[in-house]
Amino acid sequence: MQPAADLVAEILEGYANRGVFRGFSRGPVRGGKAGFKMLWHRDRFFDLALDPRRKTMTFPVVLPQVPATSPMNREYREFVKSRSDRGLPGHRRIDPKKAVVEPFNRGGNVGLRITVKAGAYEYATRKLIHLVHETFLVFLYDGRYYDYPTVRFRTTNSHPRPLA
C-alpha cells in the first residue's frame, strides 16, 4: 500500500503538470505529517497539511480576512455543507462515507479540513482540491462576494484556470 503522503503528492503533482497550479512543492515528512505548497488562485500560495494519524488534510487559509461573525463566513459554511447534498451530481458531491469536509475560522481566516474515511485518500484529495476550486469559481463569483478577491488579494487576474 502506497503511503498517504506519496499518494497525495502524486495527485497534486498531476494537477500541477496539467497547469491547475502555477507552482507546486512538497515539503519533508516530519512525525508522519507532510506539507505541500501550491501557487494557485489569484497567484497566492496555498499550504496543505496532511496528517495520516488523524486522517486529515487541512488548508489553514482558503479565504483570508473573513470575520467569524460575518454573513460571508456563515454563507461559506452553508456552501461547504451543500457540497455533500444528494441533489448534486455525483462528480460534484462529496460522499460522507468517503470524506467529511468542514470549514473553520481561525483569527479571521477561513480554512478547510477534510477527514478521510476508509483510506480514501485519493478521493478526499481530489474532492478537497475541487472544493477549493469551486470556492473561487462558484462561491465567490456567483453572488455577493464577486469583489472579494480583488479587494482581499489586490490583483486584477481573470477567472482561475479550470480543473481538467
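This dialogue covers how the strands and helices of a predicted model are arranged.

Trainee: What should be known about the model and its numbering?

Mentor: The model is predicted: local features need pLDDT of at least 70, side-chain atom pairs count only at pLDDT 80 or more, and totals for chains, interfaces and linings use all residues. Residues are numbered from 1 along each chain as its sequence is written, and side-chain values use heavy atoms, with hydrogens and water left out.

Trainee: In what order do the six strands stand in the sheet?

Mentor: Strands of a sheet pair through backbone hydrogen bonds, either parallel or antiparallel. Here the six strands form an open sheet, ordered S1-S2-S3-S4-S6-S5, with antiparallel pairing. Strands (E, at least two residues) and helices (H or I, at least four) are DSSP runs numbered from the N terminus; two strands pair if DSSP finds at least two bridges between them.

Trainee: Which strands stand at the edges?

Mentor: S1 (23–26) and S5 do; each has a single partner strand, so one side of each lacks a neighbour in the sheet. From one strand to the next, the twist averages 20°; axes are lines fitted to C-alpha atoms, for helices over the stretch in contact, and angles run from 0 to 180 degrees between N-to-C directions.

Trainee: How many bridges pair S5 with S6?

Mentor: Eight bridges, antiparallel, between S5 (residues 99–106) and S6 (residues 109–116). Val101 is opposite Ile114 in S6. Two residues separate the strands of this hairpin, where Gly107 has a positive phi near 60°.

Trainee: Which strands does helix H1 lie across?

Mentor: H1 (residues 4–17) lies across S1, S2 (34–39), S3 and S4, at about 165° to S1. Helix H2 (residues 71–82) packs on the sheet and touches S4, S5 and S6, contact meaning heavy atoms within 4.5 Å.
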